[in-house]
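Below are my comments on the model you sent. They run from the whole chain down to single residues.

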Amino acid sequence: MMLGSVLNPINSTIISVALIPIGDALGAPPSKTAWLVSALYLATSLGQPVVGRLIDIFGPRRLFLISTSIVGLAGVLGTLSPNLGFLIAARVLLGFGTCGGYPAAMALVRSEAKRTGRDSPGGVLTALAVANQTIAVIGPLLGGLLIAVGGWRATFALNIPLAVAAVLLGWWRLPQSAGTGESPRRGRVAAQLDLPGMAFFAATLTSLLLFLMNLHLRDWYLLVITLVAGTAFAVRELRAETPFIDLRVLGGNTPLLTTYGRALVAYVVSYAFLYGFSQWTEEGYGLSPFHAGLVQIPMFPLAIGVSIWSGRRKGVRGKLLVGALGQIAACLILLTLSGSSPLWSLLLVALVFGVPQGLNNLALQNSVYFQADPERTASSAGLLRTFAYIGSMVASSASAASFGERADTGGMHALSWVMLGAGAVFLLMTLFDRSLGRVGTSD
């Protein structure tokens with residue numbers, strides 16, 4: 001479960017220190033290499049809820065095996081890519097391949113809780129969160145090490161052994177049964193999948209994310225497509241017997257919707273720091289990819305320690321409040337940095353970011369587990385990551401707009417103001433959400 005769930009964050013974070021070397025090797029500025037980030041999140045944003053829905057119906061085993069096999073194929077294609085366009089295509093394939101791990105893990109946790117009658121999987125949920133946080137934090141360091149040893153192509157080649165291990169473990173250990181209570185009804189599989197609903201959802205999200213990738217008024221037509229496709233999606237889902245996303249249930253679940261919105265703004269801050277700070281430390285501050293990864297090491301022990309410590313405690317409100325304050329504090333420190341700042345100040349901002357890194361992901365994950373319809377646990381978990389990836393797309397677009405042709409200090413400060421605004425929204429959404437006091441406080 002943990003190996004499958006970390007395939008996405010490892011590819012999300014390891015690329016952060018590879019963007020500059022890839023750009024140098026392929027002659028592309030930061031505004032172009034940003035598509036390597038956006039491509040993966042576009043594919044994953046679409047794929048996560050779709051694969052989650054398939055897991056709810058068919059169980060985690062077959063979807064897990066198919067998706068992790070695709071990860072291995074994408075690793076091969078990325079390693080052999082001759083140009084940026086081919087590399088972007090490999091990242092799209094990689095995004096679809098990493099969609100199965102996390103929803104499958106959440107479905108397995110739910111089915112085991114149902115089987116044993118013990119719906120208090122705090123330790124397992126903490127282990128999943130810690131695994132994802134560990135990879136998210138050490139990803140830049142691992143990426144820098146791989147680049148130092150084998151060049152940027154090694155960051156793609158890493159997926160090949162990981163995919164092989166995931167497929168073998170999944171084949172050996174994953175159960176055949178469905179994850180969350182639903183089972184495919186013979187002759188009605190197409191109706192249960194709601195293919196028209198999936199198509200409208202894909203059109204809505206694709207047009208929205210393409211607009212966010214390159215914010216400009218000349219692309220106004222993308223917002224029109226988003227509105228039309230979104231309206232068609234809502235009409236379809238409200239009329240469908242077995243909708244892809246049950247808007248009637250979801251619309252009545254305000255706490256879950258608020259959690260999704262909170263995830264979006266939280267990940268704007270998280271991913272803007274991940275990509276923006278990494279690029280600035282290399283190009284604006286002058287560090288090598290390996291040393292840029294080393295600078296972020298302080299996040300590693302603190303984020304893991306915070307996750308383990310807070311995972312033993314029920315409730316999520318306190319975690320989210322401290323996480324929000326940690327994001328705001330880190331953004332304020334970023335605004336004081338320059339190309340001549342002492343190295344310890346870079347280590348300090350990484351250390352401060354370790355607090356929200358360790359708290360927010362765990363709290364958001366636990367919120368969805370307790371707030372979602374039990375029979376749609378996998379698709380609800382997939383939607384959580386979809387909203388997180390929309391946040392990452394906003395962060396990627398903000399990074400590209402802030403840096404332009406070069407990741408300099410002025411661009412990093414402009415990006416920090418965007419992060420600070422998102423962090424303030426996250427804090428306000430947490431302060432005024434009274435439903436958080438009931439999440440996870442009883443079995």
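1. For the charge count used here, Lys and Arg are positive and Asp and Glu negative, while His and the chain ends are left out. On that basis the protein has 29 positive and 18 negative charges, and the mean positions of the two sets lie 7 Å apart. The model is predicted, and the remarks that follow should be read accordingly.

2. The fold consists of 20 helices and 0 strands. The radius of gyration is 21 Å, close to the 22 Å from the globule rule for 443 residues, so the protein is as compact as a globular protein of that length. Along the principal axes, the C-alpha atoms occupy a box of roughly 65 × 45 × 45 Å.

3. Of the 443 residues, 59% are buried. Among contacts with a separation of 6 or more, 84% join residues 24 or more positions apart. The exposed area of the protein is about 17,100 Å², and 69% of this comes from carbon and sulfur atoms.

4. Which residues of helix α17 are buried? They are Lys319, Leu320, Gly323, Ala324, Gly326, Gln327, Ile328, Ala330, Cys331, Ile333 and Leu334. The helix covers residues 317–334, 18 in number, and spans 26 Å between its first and last C-alpha, close to the 26 Å expected at 1.5 Å a residue. The cover over its buried residues includes α14 (254–284), α16 (299–311), α18 (343–371) and α20 (409–431).

5. Helix α20 contains Ser416. This serine has a relative accessibility of 1%, below the 20% limit, and therefore counts as buried. Beyond its neighbours within four places in sequence, Ser416 is in contact with Cys331, Leu334 and Leu335. Two of these names, Cys331 and Leu334, also appear among the buried residues of α17, and α20 is one of the elements covering the buried residues of that helix.

6. Gly410 also sits in helix α20. Is Gly410 buried or partly exposed? Its relative accessibility is 49%, so Gly410 counts as partly exposed; the range for that class ends at 50%. The C-alpha atoms of Gly410 and Leu141 are 25 Å apart, with their positions 269 residues apart along the chain.

7. Gly197 belongs to helix α11, which runs over residues 195–213. With a relative accessible area of 0%, Gly197 is buried. Setting aside neighbours within four places in sequence, Gly197 is in contact with Phe233, Arg236, Glu237 and Phe244. The C-alpha of Pro243, 46 residues away in sequence, is 7.0 Å from the C-alpha of Gly197.

8. Where is Gly27 placed? Gly27 lies in the loop between α2 (19–26) and α3 (30–58). There, just after α2, Gly27 adopts a positive phi of about 70°. Its relative accessibility is 66%, over the 50% limit, so Gly27 counts as exposed. In α2 itself, Leu19, Ile20, Pro21, Ile22 and Gly23 are buried. From Gly27 to Ala90 the C-alpha distance is 18 Å, for a separation of 63 residues in sequence.

Terms used
Residues numbered from 1 in each chain as written. Predicted model: local features only at pLDDT ≥ 70, side-chain atom pairs only at ≥ 80, totals over all residues. Heavy atoms only, no water. Helix = DSSP H or I, 4+ residues; strand = E, 2+ residues; numbered from the N terminus. Expected span 1.5 Å × (residues − 1). Buried < 20%, exposed > 50% of the residue type's maximum accessible area, 1.4 Å probe, protein only. Contact = heavy atoms within 4.5 Å. Rg over C-alpha atoms; globule rule 2.2 N^0.38 Å. Areas by Shrake-Rupley, 256 points an atom, 1.4 Å probe, with all protein chains shown as cover. Charge placed at Lys NZ, Arg CZ, Asp CG, Glu CD.
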